[in-house]
Amino acid sequence: MSAYILLEDGTRFEGEAAGARAHAIGEVVFNTAMSGYQESVTDPSYRGQIIVFTYPLVGNYGVSAKHMESAAVHARAVVMREGVDREEAPGAEGGWLTWLADCGIPAITGVDTRALVRHIRDRGAMRGGVFGGEVSEGEAMERVLAELPMDGRDLAREVTQREPVVLDPLGEGAGAGARIVAIDTGIKDSIVRNLRERGAIVELHPCHTTSEELLARNPDAVFLANGPGDPAALDHIVESVRGVVGKVPVWGICLGHQLLCRAVGLETFKLPFGHRGANHPVKDLETGRIEITSQNHGFAVLGPHGEKTIDADESMRWDTDFGAAELSQLNLYDRTVEGLNLKDVAGATVQYHPEAGPGPHDSLHLFDRFLASLAGGQPEHRSAGLDAPRR
Amino acid sequence: MPRRDDISKILVLGSGPIVIGQAAEFDYSGAQACKVLLEEGYEVVLVNSNPATIMTDPEFATATYIEPLNPASVARVIERERPDALLPTLGGGTALNIARLLTEDGTLERLGVELIGADYDAIRRAEDRDLFRDTMATAGLRVPNSVVVSSMGEAERALPEIGLPAIVRPGFTMGGEGGGIARTEVEYRERVAEGLAASPINQVLIDESVIGWGEFELELMRDFKDNVVVVCSIENVDPMGVHTGDSVTVAPQQTLSDKQYQALRDQAIAVIRAVGVETGGSNIQFAVNPETDEIVVIEMNPRVSRSSALASKATGFPIAKIAARLAVGYALEEIDNDITRVTPASFEPTIDYVVVKWPRFAFEKFPGADGSLSTYMQSVGEAMAIGRTFKQAFVKAMRSRELDVEPPTGRDTQALLESLETPSHERYELLFEAVRRGASESELCKRTLIDPWFMAEMAALARGEDPEAGLERCFKAVDTCAAEFEAATPYYYSGWERQASHEVRRGDKPSVVILGSGPNRIGQGIEFDYCCVHAAMTVRESGRDAVMINCNPETVSTDYDTSDRLYFEPLTLSDVLGVIEMEKPEGVIVQFGGQTPLKLAQGLVDAGVPLLGTPVEAIHRAEDRPSFGTLLEEVGLRSPPYATASSAEEALRVAGGVGYPLLVRPSYVLGGRAMEICYSKEALAGYFERTRPSGEIFLDRFLENAIEIDVDALCDGETVQIGAIMQHVEEAGIHSGDSACVIPTMSLGPEMLSQVRQATAAIAQGLGVIGLINIQFAVYGDDELYVIEANPRASRTVPFVSKAVGVPLAKVACRVMLGERLTDMDLSRLSGSPGHVAVKEAVLPFGRFPRADALLGPEMKSTGEVMGVAPDYPAAFGKAQEAAGAGLPSGGTVFISVTDGDKASATQLAASLHDLGFAVLATGGTAQAIRRMGVPVERMAKLSEGSPNVVERIEAGGVDLVINTPTGSGARADGWEIRRAATARGIPCITTMSGASAAQRAIRAIRGGQPEPIPLQELHAPSAATLISPQTA
Ligand SMILES: Nc1ncnc2c1ncn2[C@@H]1O[C@H](COP(=O)(O)OP(=O)(O)O)[C@@H](O)[C@H]1O
Ligand SMILES: Nc1ncnc2c1ncn2[C@@H]1O[C@H](COP(=O)(O)OP(=O)(O)O)[C@@H](O)[C@H]1O
Ligand SMILES: [Mg+2]
Ligand SMILES: [Mg+2]
């Protein structure tokens, strides 16, 4: 059955319908990873988005429970050059396309994804929709334009926990006994697992939880999670974050990084088409090491002088409402901010995904550094947040 | 830390002749490295014995030594050049082993040469199977259960522990040489014995078998800051048990989940750190059990490899280039990504297409070799294809192979299914046939152990799914980043989509399309790629855009730096026309890629595509015997009497008219495929029995004991300029590609030479050649000149000649094809006689095909060539032998067994070898003849005469040189065993008297001491040409 994808600028690509027989509208973004399709579509950060996979063959190893990053599929739809159902693949519990259908997610295959991606790369991420061939283009366009643009959208509310949950450790390690209180803006299971496997107790709280409520849990640290949408639209969360900074160590990943930055008074902006993939080189400015990172974000933090990109490879400082913040990580692809440390209060962030899932494991050690820094007492230690890996 | 300033002169080692397991990919990596080092302002000293390489072009190094690649000879170059550093990671296992030996014998330290790009301990930890195992254990990584043995006794004791089947893997060999699978105790002993013999350190690893597990390779780069990136993952469609070089492979990996893949990635990084490769590329191979997720490390190559060349072409990430930069001090982040030009090299390429590599085999040339695949490499080349999907890439790769043998699919279904359980070179054709006959995918997976995903994809194709049907061809770019950034580098492939959206950025300059030579194969190898690269350089110099079409990942021509636009496409008419439609070129060059593009010439012309150079009519006229015959008559030349027949019956009828002995072959073949000498009607009938040739058959009178001459000449339609006249060492009857040849000629008088010149001119002008022509002549008796064939194209010998005479013939030819006239160029060097002698020697793969006869004949069997240069002929010949790996002994025992025709000259030979202090062994007749000359000789029994016999003596290592001439149909059976034994032990085995007397003179020269190595740059310095030629040597 024929289907097509229509972008808000009128660009149209043909394909065949797959997955659920439905249409879907969202921000059309592309992901350049070559594996990990199931992890991606179940990552809550993709809420409200249609994922175009640049790797042409999707579904080769089927789907299985162990690849879930959350309980549900959050991507609105999936665009592929070729998709397959391979429930008989070794280790598979189901077929990819069938599973998408069961989850009610429409997909489209046979699309010249490279041409589509080049278009988005040149024009920027934009709204679009996946429609069955029978839907008229006019009607399709109306629906696309009816969708709110991504800037200014609060999607955290859609993906957050309704009720707090407390999760026990899954192992021993740097985090033994630590109580990590997380604001759940759509946290990935890999993050939770990495904390718990290192011995930490992890609490997930709804995103509207206030700073008082958070502090009342007397956390060893507050964790700010990844999540969908525009950080600039999440002032209610930023408020609670302001309330905890300086009182307990705070660590943020992805959206969490952006929220902490806004909480201390820094600005965020929308990237033209974002970073989504598993091959971005990020330089740790303290150690000089380069790590290949997993990325999934459409917004980024502005530099100390309001610049979008940082030219020099040396760390620099922001003056924040909470003292100095030091640039700790830099993206070597487009030289955007990838992480910073608060120098005068205990806090640190990274824009990318050290938990991988999917992607390389180069940065898993950040979890050890973070948890170890909690164990390590003195404020200056703490403030260093994530100090150099001992290799 | 940027560029190192504490070193200024760097020695780079090539990989020597093209052999199975070590092919043109090292010219690609070596050439890239040399370019980079020169750009960085270093002096580059290069040693490589292979003249057919781009890297040995004088402009690629400060000093280029075409010298044997062994420690002694490299040490001589070091003495002369005193480099500061040695970069050994770009010349394959050969270079790495030489570096290891020169470290062990103290040469490098003594002469103050620093190893860069690899350190000694890392090399040993990776190449020494025992150390490697321990290193992995310490790093907490699993390897297959295994024992390392260095004697048969230890192996016997290990057997119970390992069990059968067992995998025998010699240390420090490449391409799995000397290894294999042992399924029975007998095989076990055979393999271990072979393995111990093959390993330079008498060490074999005996592994528990993981046959059937998935085989994966990762290509890594590491810099001195310990940053590591994975450039590419490669999955073998053929599971463990088939050498990766013989496997159909796919990039990126297809069947692993992200979690499984990341586990491999973590382990690969652990391996490179544990082995301690400080800077550069490494290839790491894994076996993965898809059911249990178990991973075992199979091996790591601490250097640029075949797979890394493939990975570079598959991703656009130039591994060798970057490895060279890392070796001289740069960090990955300090190097730009060539392709995007805006991002650093410290990243991991991500690709949005599928790459399939398919090996190219040549079993048809080695009757006796059974065609089954194992853990040692047997393929002679490979083709790579890029497609939007696996299916698109797979069918593209299939057609890129240009097979000239159809696999037998006739057998009954049961036999067919069973045959699939032993992988063979035609396994996929058989698999497809099985699918067509209704075999289920699950059954086929069980029998072949191929992953179900691949099986499903291939089965769909076998059932007739056409992944191109209903779609439009479009050209997409290879960009290392899945379109996340704009690609600056014009490296394209064709994909099929609903609606064509092209990415080709074709400026408004006129372009010239150069057709490459496709996968390497015996008869059409790297020499042709060399010519194509020269054509590209010349077209660019002429101010036009050079456009390259080729599908061979091992080559320099498919380096995106070589041309203005590279199209990685099969060389079939429709694929080529696809590119031409896109390019609208000023013209197409079909003259440099060997027979492959020549076959397309007519089709291109019919499609209205302008050809540059020699017109298609001339090509036909040269290939069509009758019309070529008429041309020869017109200009008063003769060719051997011949007849053509359209069937075996007819052939047998007309044979008498031609006269025996005769040479029979099917028409339109390169490398003398299926060509044979028949001394009688019976022999001829036997030939038809065996080969069943289809189509036209040629019968030529075979000129016995004729001297063969090869000529490469240039012609612009009017003027003819001889490039060189080469005299073959072996007589006519040994394929020109397999016989040694020498420049200048050694035994031709001035009047014969001028006859040859006139004949060459007459033929070139008669055909109307514009560009290059290669003519083979035979001098029969004292003064009868016969024309054997004329090829109106670049020949296999063009690189050798270019290096011998110091004029790049292919470039000159290309200028002519672009409209220049020979008379307007300065080619004086071609008329002046060189002050040195150059000998080309062929390198033969018999060692790889133990069951095939190590005998030379009119069908070409060599995979590569080497060159020896020296002030005189014997020294040059000796060097060539040494470079070919069959170094002549300076003393010891020689065994001689020749046919009656050769007995007279054999006795002379025996006498002089005796004078040189050799002990002489010979079989009956030969021994008598020798004794009559009063030369002491020990008579040896032939194999057929019972034990003790010569074969046993050879196998026991009691012979240092074998001279055995089997002419005609006689004396083969015994000779076969003798030659097999010699080849197996790597003893030089000379099968022609002419070769033997050359060897004898060379031995004399060797004992006189090695001549000083001289770089090409000095050899061809203006002054050098004026030296008097040692014609008389
Ligand atoms: N333990 C094993 N079980 C089954 N196959 C093996 C085993 N070890 C190696 N092989 C096969 O042998 C091939 C060659 O082995 P390898 O050590 O890679 O030799 P080389 O050094 O020539 O690459 C591998 O590609 C693999 O297919
Ligand atoms: N009539 C002949 N007499 C003796 N040797 C011949 C004759 N014809 C061909 N040969 C030998 O066979 C080899 C291959 O023949 P050729 O016509 O050159 O085939 P190819 O096209 O493969 O080069 C030649 O190099 C030569 O040694
Ligand atoms: Mg290998
Ligand atoms: Mg020939």
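**A magnesium site in chain B and a strand in chain A**

In this predicted model, the magnesium ion (ligand 4) is held at 2.1 to 2.5 Å by Gln776(B), through OE1 and NE2, and by Glu789(B), through OE. Donors here are N, O and S atoms within 2.8 Å of the metal (3.2 Å for Na, K and Ca), and water is not among the atoms, so sites may look incomplete. The pair brings together distant parts of chain B, 13 residues apart: Gln776(B) sits in strand 30 (residues 770–780) and Glu789(B) in strand 31 (residues 784–791). Strands are DSSP runs of E with at least two residues, numbered from the N terminus. Gln776(B) is buried, at 8% relative accessible area, while Glu789(B) is partly exposed, at 26%. Buried means under 20%, exposed over 50%, and partly exposed in between (1.4 Å probe, protein chains only).

Over in chain A, strand 20 (residues 347–350) has Gly347(A) and Thr349(A) pointing one way and Ala348(A) and Val350(A) the other, all of them buried. That fits a general pattern: in a regular strand the side chains alternate between the two faces of the sheet.

Strand 20 of chain A pairs with strand 14 (residues 250–253) in the parallel sense, over 4 bridges; pairing takes at least two DSSP bridges. Here Val250(A) stands opposite Gly347(A). Strand 19 (residues 337–342) of chain A runs antiparallel to strand 20, again joined by 4 bridges, with Asn341(A) opposite Ala348(A). Strands 19 and 20 of chain A make a hairpin, with 4 residues between them.

As for numbering, residues count from 1 along each chain as its sequence is written, with chains lettered from A and ligands numbered from 1 in written order. Local features need pLDDT of at least 70, side-chain atom pairs count only at pLDDT 80 or more, and totals for chains, interfaces and linings use all residues, while side-chain values use heavy atoms, leaving out hydrogens and water.
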